[in-house]
Every structure is written in C-alpha cells, then in structure tokens.
Amino acid sequence: MTRNKLISGLKPVLFTLPAMIPFVLFWLAPLIYVLYLSFTEWDFMSPTKTFVGLQNYIDLFGNPAFYKALRVTVLFCIGSVLPVIAIGLGLALLMNRKLKGSGFYQALLFSPWVTPTVAVSIVWSWIYEPEVGLANTVLDFLGLEPIGWLQDPRWALAGVLLVTVWKSAGWAMIFYLVALRNVPSDLLEAGELDGAGAVQKFIRITLPLISPTTLFLFVVQMVQALQAYDQINVLTQGGPSGSTRTLLYLYYQSAFESFQIGEASSVAVVLVFICMLLSVLSLSISRRTTHYQ
C-alpha cells in the first residue's frame, strides 16, 4: 500500500520532469549564478572572483547613471506598451469590419513582427538619416524643420520608440482580432435591443470580454520592453548622452565594455526583480479588472 502511494506521488514529478529539466538548466541555475556574481568582483579574465558582499549594490544605487537608466527604462515601457496596445486594438477593430482585402492588410501589418529587429533597425537608421533620410524629407515637404532623430537627446528615445511600436503593433492586432471574433454576438444583440449605441456596446461589452487579451499583451509587451536591446544597439548605442540607455543596455556596457561582471550582475538582478514586481502587480490588478467568459 505504501509503495503504491509512493508511485502515485511520484507520477506528477515524472510528468513535469521533461519541462523542469530545461527550466532548471537554462533559467533557474543561470539566475542563481548571476545572483552569486553580483556579490563578487570579477573582470571576466581573472581565474578568481573576489567576494565583496553588497558593495556592488551600494555602488549601483549611488551611481547617477543607474537612476538615469531607470528613468529611461520606465519611459520606454510606458511609451511602447500603451501605444502598442492602443494601436493594435484600433487596427483590430478596423480589420474586424471585414473590409475588402483585409487578409492582405493583416499580413502586411503583421510582417514587421516576423522581420528580425536588427534588419528593421538598420532600415530605420536610413530613414532617420539627417540629410537624405525619408523622415526629414517628409518634414521638409511639409515645411517643418528637420529633426536629429538619433543625434538629438530630446528626440532619440522617441525615434527608438517609434521603431518599437511600428514593429509590435501588428502583432498585438492579431491577438485582438481573435479576441474580437470570440465576443458572443448574442450579447451585442442584447445590448443593441436595450438601446446601447456602438460606443456603449464597445465600452460595456466588448472591452470587458477582451480584457484577458489586454492583460496578456500588457504583461508580454512590458517584459519585452524591459528586455529591449537590438534596436537600441543598432540605432543609438545608448546615446546620445545616455538618453536611450535602458537598464539592460547599462548591463551590457558594464559587462562587455567595462568588464565589470559583478556590477553588471547587480544590474541584471535589479532588472529581474523589477520585471517580477511589475508582473505580480499586473496580475494582482487584473483580478479586479479582467473578466473571463
């Protein structure tokens, strides 16, 4: 009897083992190792690692560059996540009207998402070229002053955000399009019979029913915004004057330019903590605002 209970208790472990092995090897173990490195001083070359305790964190929280990178990270998250969700929903509402050729337009709008970020960023760097780039050519045609899209600290972050939103909006559109088509038509008809207009039906029926999709997109886009690197590296390399240097790019510079692995690891740990905190906060808020069918 005891043996049968033991076997029954081990069955869930055996079923989850194929998924847990790569999780432990490629996520949990590296995370623990990075946490260990954050308490050491190491230059990537030395065979020994010097334990320094909390000194890396003390130096990090006393570094003005950290707070500037944190501010840029927050602005990048807000400036990319909210527009992607709003534009994706707007495009989905437009495509859901079953316009002629909507399938072609959906594929066209989705295509930036499947294009490598590096390739997209290179093309946009040509568009942002101050002398002959398309962006300033359009501004000149409209009678406006040219902008140093990637050279001016006031505009560099906006330029990177424009690329990020342009690439991701079509991806959000696909998810919203599926969610809109799963909204029960009988609820919309009932609302119409009760005298609700198009705006009222959208606010009181459609938005609550697609709120799980909104939550999913919000969390995923937020994590992707915290991990944004390729477009920043190609377009601005964190400049000018640190105006586009996020926490992840600060980590890259500390690790692979300054070879301060302990300092870089402390940045990575703080970034993981922020990501987890925001995810838990989002899920906590969603319990009161998300409606499941």
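**Close-up 1. Phe259 and its positive phi, in the loop between H12 and helix H13 (261-289)**. With a relative accessibility of 35%, Phe259 counts as partly exposed. That label fits because partly exposed covers the range between under 20%, which is buried, and over 50%, which is exposed. The backbone is worth a look too: phi of Phe259 is near 60°, a positive value in a residue other than glycine. Keep in mind that this is a predicted model.

**Close-up 2. Gln237, a residue in the loop between H11 and H12**. Here is another backbone to check: Gln237 is not a glycine, yet it has a positive phi of about 55°. Its relative accessible area is 42%, so Gln237 goes down as partly exposed.

**Close-up 3. A cis peptide bond from Gly239 to Pro240**. Omega for this bond is near -10°. Pro240 sits in the loop between helix H11 (230-235) and helix H12 (247-256). Gln237, from the previous view, also lies in the loop between H11 and H12.

**Close-up 4. Phe44 and Phe256, an aromatic pair**. A search of the whole structure turns up 21 aromatic pairs. In this one, the rings of Phe44 and Phe256 are 6.1 Å apart centre to centre with 40° between the planes, and the pair is tilted. Phe44 is in the loop between strand E1 (40-41) and strand E2 (50-51) while Phe256 is in helix H12, so the pair ties together parts that are 212 residues apart in sequence. Both rings have some access to the outside: Phe44 is partly exposed at a relative accessible area of 36%, and Phe256 is partly exposed at 42%.

**Close-up 5. Phe104 and Tyr105, an edge-to-face pair**. The ring centres of Phe104 and Tyr105 are 5.6 Å apart and the planes stand at 65°, so this pair counts as edge-to-face. Phe104 has a relative accessible area of 55% and is exposed, whereas Tyr105, with 40%, is partly exposed.

**Close-up 6. An aromatic cluster that takes in Phe44 and Phe256**. Zoom out from the tilted pair and you find Trp42, Tyr229, Tyr249, Tyr251 and Tyr252 joining Phe44 and Phe256 in one aromatic cluster.

**Close-up 7. Lys201, a buried lysine in helix H9 (residues 198-209)**. Is this side of the helix buried or exposed at Lys201? Lys201 is buried, because its relative accessible area is 19% and the cut-off for buried is under 20%. Apart from its neighbours within four places in sequence, Lys201 is in contact with Leu188, Gly191, Glu192, Ala196 and Thr206.

**Overview for orientation. The whole protein chain, with 13 helices and two strands**. The C-alpha trace spans about 80 × 75 × 30 Å along its principal axes. The radius of gyration of the chain is 24 Å, against near 19 Å for a compact globule of 293 residues. As for burial, 37% of the 293 residues count as buried. Of the contacts with a separation of 6 or more, 69% are between residues 24 or more positions apart. The accessible surface comes to about 17500 Å², and carbon and sulfur atoms hold 69% of that. On the charge side, there are 17 positive and 15 negative side chains, with the centres of the two sets 16 Å apart.

Terms used: Residues are numbered from 1 along each chain as its sequence is written. This is a predicted model: local features need pLDDT of at least 70, side-chain atom pairs count only at pLDDT 80 or more; totals for chains, interfaces and linings use all residues. Side-chain values use heavy atoms; hydrogens and water are left out. Helices (H or I, at least four residues) and strands (E, at least two) are DSSP runs, numbered from the N terminus. The radius of gyration is taken over C-alpha atoms; the globule rule is 2.2 Å times the number of residues to the power 0.38. Buried means under 20% relative accessible area, exposed over 50%, partly exposed in between (1.4 Å probe, protein chains only). Contact means heavy atoms within 4.5 Å. Accessible areas come from the Shrake-Rupley method with a 1.4 Å probe; for residues, only the protein chains shown count as cover. Lys and Arg count as positive and Asp and Glu as negative; His and the chain ends are not counted. The place of a charge is taken as NZ of Lys, CZ of Arg, CG of Asp or CD of Glu. Rings of Phe, Tyr and Trp (its six-membered ring) pair if their centres lie within 6.5 Å; planes under 30 degrees apart count as stacked, over 60 as edge-to-face and the rest as tilted.
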